[in-house]
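The following paragraphs lead through the architecture of a single protein, from its overall make-up to individual residues. The reader is invited to keep the sequence and the structure in view throughout.

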Amino acid sequence: MSRLRRYTWWTVVAGGVVVGVGTAADLFAHDRGVPTSVLLAVAVAVVITQHARYMRQAMIGMGRGDGPLWEHLATFAVALVAWAVTSGGDGFMPAWAMLPALVVAHVGAVLPARSRWPVVTVMAVLSVGVGGLFGGDDAGPAMLMAGAMIVALVFADLAQLWIWDLALKQEESRRTAEALAVAEERLRFAADLHDIQGHHLQAIALKGELAQRLIGRDDELARKHAGEVAELARTALRETREVVQGYRRASLGTEITNAVGVLRAAGIETTVEGDAAGVPPPLQPLFGALVREGTTNVLRHSRARHCAVLIDVLDGQVCVRLRNDGVPADFAGADEEGAGLAGLRERFATVGGRVEVGPAGPEEFELVGKAGVGR
């Protein structure tokens, strides 16, 4: 924003420099007398300073319509006097016609829209009238010059403010986009963390229960499950750290391998149909999250004996299904969705995909994810 403020200041001052140089050259080129020259120089300084001041205020958001009415009227009176003195004599009339035109332009810029054009019209008529009244033989050119300068500068200042408003809106949009990107990244992080922690904690709880039941009956197998619990805990810790560091990019094949191992350890016969490697790389983490969530739900909400993972890829469009039996008759399906499925729906929606859940037969349940590259 500091760069925009500097741009504001220098674009406003640039017009004043042009007027100042032109009027200074005119004062040196024509012998108007010391008092008149000094007064004209003061008039130029006052008008340029006021124009730069009010345009800068309007552009940096200090408010439009600021400034007492007497201040605008006084500045306009100074500009009219200078224009009256110079309009009928030899000199560089465009520079002097700019004085009342600059005041009309910045007054029109800072006024509210409802009162802008009536005030600008009155001030423009006065400026043109002064040129005609004091222009003498040059009354026609003076009036034409005053009118042309007013029209040009009014629309130039309004166009500058319009461009400035566009720049501010673009800056605001950029900041909003940055905030949304941060929010999306936080949601992605929360979803990944939920997937990892939920999946591994469910598996740890399951294997811990198995090891507990086997103590005293099959100590060797109990020790094996206890070792797997420790390994799962270490894996969960490692993957959690990777999520925090933003490095986790698990493939669908890895997630399916993990899911099959966990489900079979729970006594659930699991089959896989289709090739996970055929899923486009950009969609691998997305469908990996689907498999993680589906595996967690099978372990948590069903008494499954069989589970199937079906992968179908056709022309870049991917469909992955997790189907299991052992669903309680009173399970309401979508009505019992938790944060995991809601998060999955949001993540699939960002790529134009969708997630479907529902019964697939008697006591069977199905979780389906569909998405495609460029869909």
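A residue is called buried here when its relative accessible area is under 20%, and exposed when that area is over 50%. Asn324 has a relative accessible area of 5% and is therefore buried. The model in which this residue is found is a predicted one. Asn324 belongs to strand β3, which covers residues 317–324. Leaving out residues up to four places away in sequence, Asn324 touches Val298, Ser302, Ala304, His306, Cys307, Glu363, Glu364 and Phe365. One of these contacts, Cys307, is itself buried, with a relative accessible area of 3%.

With this residue as a point of entry, the overall make-up can be considered. The protein contains 10 helices and five strands. Of its 375 residues, 44% count as buried. Among contacts with a separation of 6 or more, 70% are accounted for by residues 24 or more positions apart.

How are the five strands ordered in the sheet? They form an open sheet with mixed pairing, in the order β1-β2-β3-β5-β4. The edges are occupied by β1 (269–273) and β4 (354–361); each has a single partner strand, so one side of each lacks a neighbour in the sheet. From one strand to the next, the twist averages 15°.

The pairing within the sheet can be followed strand by strand. In general, strands of a sheet pair through backbone hydrogen bonds, in either a parallel or an antiparallel sense. Five bridges join β1 to β2 (residues 306–314), and the sense of this pairing is parallel. Within this pair, Thr271 has Ala308 of β2 as its bridge partner. The pairing of β3 with β5, by contrast, is antiparallel and extends over eight bridges, with Arg321 standing opposite Val368 of β5. β4 and β5 also run antiparallel, joined by seven bridges. Here Arg354 has Lys370 of β5 as its bridge partner, and Pro359 stands opposite Phe365 of β5. The hairpin formed by β4 and β5 has two residues between the strands, and in it Glu363 adopts a positive phi near 55°. Both Glu363 and Phe365 are among the residues that Asn324 touches.

Is β5 largely enclosed or left open by the rest of the structure? Eight of its nine residues are buried, so β5 is largely enclosed.

Two helices lie across the sheet. Helix α8 (residues 252–265) crosses β1, β2 and β3, and runs at about 160° to β1. Helix α9 (residues 284–301) lies across β2, β3 and β5 (364–372), running at about 10° to β3. α9 is mostly covered, with 15 of its 18 residues buried. At 1.5 Å a residue, the 18 residues of α9 should span 26 Å, which agrees with the 25 Å between its end C-alpha atoms.

The nonpolar interior remains to be described. In soluble globular proteins, nonpolar side chains tend to be buried together. The largest nonpolar core comprises 30 residues, of which Leu99, Val103, Val104 and Val154 touch the most other members. At least two residues of this core come from each of α2 (34–59), α3 (69–87), α4 (93–110), α5 (113–134) and α6 (139–214). The largest share, 10 residues, is supplied by α4. Val104 illustrates the contacts involved: neighbours within four places in sequence aside, Val104 is in contact with Phe76, Val120, Met123, Ala124, Ser127, Ile150 and Val154. A second core, separate from the one just described, has 26 residues, including Ile256, Ala259, Val260 and Val320.

The cysteines provide a final point. How many disulfides does a search of the whole structure find? The search finds zero disulfides. Cys319 has a relative accessible area of 12% and is therefore buried, and Cys307, at 3%, is likewise buried.

Conventions: Residues are numbered from 1 along each chain as its sequence is written. This is a predicted model: local features need pLDDT of at least 70, side-chain atom pairs count only at pLDDT 80 or more; totals for chains, interfaces and linings use all residues. Side-chain values use heavy atoms; hydrogens and water are left out. A nonpolar core is a set of buried Ala, Val, Leu, Ile, Met, Phe, Trp, Tyr and Cys residues joined through side-chain atoms within 4.5 Å. Buried means under 20% relative accessible area, exposed over 50%, partly exposed in between (1.4 Å probe, protein chains only). Helices (H or I, at least four residues) and strands (E, at least two) are DSSP runs, numbered from the N terminus. Contact means heavy atoms within 4.5 Å. Two strands pair if DSSP finds at least two bridges between them. Axes are lines fitted to C-alpha atoms, for helices over the stretch in contact, and angles run from 0 to 180 degrees between N-to-C directions. The expected span of a helix is 1.5 Å times one less than its number of residues. A disulfide is a pair of cysteine sulfur atoms within 2.5 Å.
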